Every structure is written in C-alpha cells, then in structure tokens.
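The exercises below are meant to be worked through with the sequence and the 3D view side by side. Try each task before reading its solution.

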Amino acid sequence: SQLLQILSARDLAMLRQVAEGGTYKEVAEMFGLAEKTVRNAFSLMMARLSLDSRAQLIAAYVRATETQ
C-alpha cells in the first residue's frame, strides 16, 4: 500500500493509536510528545497522502492494514 510505504514507523504507530480510538492528547502522552506535535504529524501525513481529513487518513490506514 502507498500509505505503508510513505509513512514512517512512528507515523504508523501514532495513526494506529488514533484509529483504535485514542485522542491526540493520549497519543502525545504515549510518545512523550506535545499534543501540537501530534497534530502537526497528522497534518503532514494527510498532506503527503493528499487527504483532506483525519477520517480519510484513518480509513486509508484501515484499508491498508486489513489487506496485509
């Protein structure tokens, strides 16, 4: 999948946590980051994949990981 090739391991780990229902704040605490850093990371992921929303990003992640 394009998503799995483009995103870093850290991006994928953060995305997995949000796809499973975690908030940006929870992900930030888990990774020892500021919430703003997590928000920026998601914005960059969406830009790299030409997606417009977090929902689209999560849907793309779910599609990519369910086919493995």
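A residue counts as exposed when its relative accessible area is over 50%, as buried when that area is under 20%, and as partly exposed in between. The model used throughout is a predicted one.

**Exercise 1.** Decide whether S50 is buried or exposed, and state what its phi angle is.

Solution. Begin by locating the residue: S50 belongs to the loop that joins α4 and α5. Its relative accessible area is 64%, which lies over the 50% cut-off, so S50 is exposed. Turning to the backbone, S50 has a positive phi of about 55 degrees, although it is not a glycine. For context, most residues other than glycine have a negative phi.

**Exercise 2.** Assign E20, R39 and D11 to exposure classes.

Solution. Take E20 first, which is found in the loop between α2 and α3; with a relative accessibility of 60%, E20 is classed as exposed. The C-alpha atom of E20 is separated by 9.4 Å from that of I58, although the two residues are 38 residues apart along the chain. Next comes R39, a residue of helix α4, whose relative accessibility of 41% makes it partly exposed. Between the C-alpha atoms of R39 and K25 the distance is 9.2 Å, with their positions 14 residues apart in sequence. Last is D11 in helix α2, which is buried because its relative accessible area of 7% is under 20%. Leaving aside residues up to four places away in sequence, D11 touches M45 and R48.

**Exercise 3.** Find the aromatic pair and work out how its rings are arranged.

Solution. The structure holds one such pair, formed by Y24 and F42, whose ring centres are 5.0 Å apart. The ring planes meet at 55 degrees, and since planes under 30 degrees apart would count as stacked and those over 60 as edge-to-face, the pair is tilted. It connects distant parts of the chain, with Y24 in helix α3 (residues 24-31) and F42 in helix α4 (residues 35-48), 18 residues apart. Both rings belong to buried residues. In addition, the charged end of R54 sits over the ring of Y24, at 4.9 Å from its centre.

**Exercise 4.** Describe how α3 packs against α4, and how α2 packs against α5.

Solution. The axes of α3 and α4 are 8 Å apart and make an angle of about 110 degrees, so α3 is roughly perpendicular to α4. At this contact Y24, K25, V27 and A28 from α3 meet E35, V38, R39 and F42 from α4. For the other pair, the axes of α2 and α5 come within 10 Å and cross at roughly 105 degrees, and these helices are therefore also roughly perpendicular to each other. Here L12, L15, R16, V18 and A19 in α2 meet R54, L57, I58 and Y61 in α5.

**Exercise 5.** Which residues have the most contacts inside the largest nonpolar core, and how many residues does this core have?

Solution. The core has 20 residues, and those with the most contacts inside it are L3, L15, F42, M45 and L57. At least two of its residues come from each of α2 (9-19), α3, α4 and α5 (54-66). To follow one member outward, choose L57, which touches L3, L15, F42, M45, M46, L49 and L51 when residues up to four places away in sequence are not counted. As background, nonpolar side chains in soluble globular proteins tend to be buried together.

Key:
Residues are numbered from 1 along each chain as its sequence is written. This is a predicted model: local features need pLDDT of at least 70, side-chain atom pairs count only at pLDDT 80 or more; totals for chains, interfaces and linings use all residues. Side-chain values use heavy atoms; hydrogens and water are left out. Rings of Phe, Tyr and Trp (its six-membered ring) pair if their centres lie within 6.5 Å; planes under 30 degrees apart count as stacked, over 60 as edge-to-face and the rest as tilted. Helices (H or I, at least four residues) and strands (E, at least two) are DSSP runs, numbered from the N terminus. Buried means under 20% relative accessible area, exposed over 50%, partly exposed in between (1.4 Å probe, protein chains only). A charge sits over a ring if NZ of Lys or CZ of Arg is within 6 Å of the ring centre and within 35 degrees of the ring normal. A nonpolar core is a set of buried Ala, Val, Leu, Ile, Met, Phe, Trp, Tyr and Cys residues joined through side-chain atoms within 4.5 Å. Contact means heavy atoms within 4.5 Å. Axes are lines fitted to C-alpha atoms, for helices over the stretch in contact, and angles run from 0 to 180 degrees between N-to-C directions. Angles under 35 degrees count as roughly parallel, over 145 as roughly antiparallel, 65 to 115 as roughly perpendicular and the rest as oblique.
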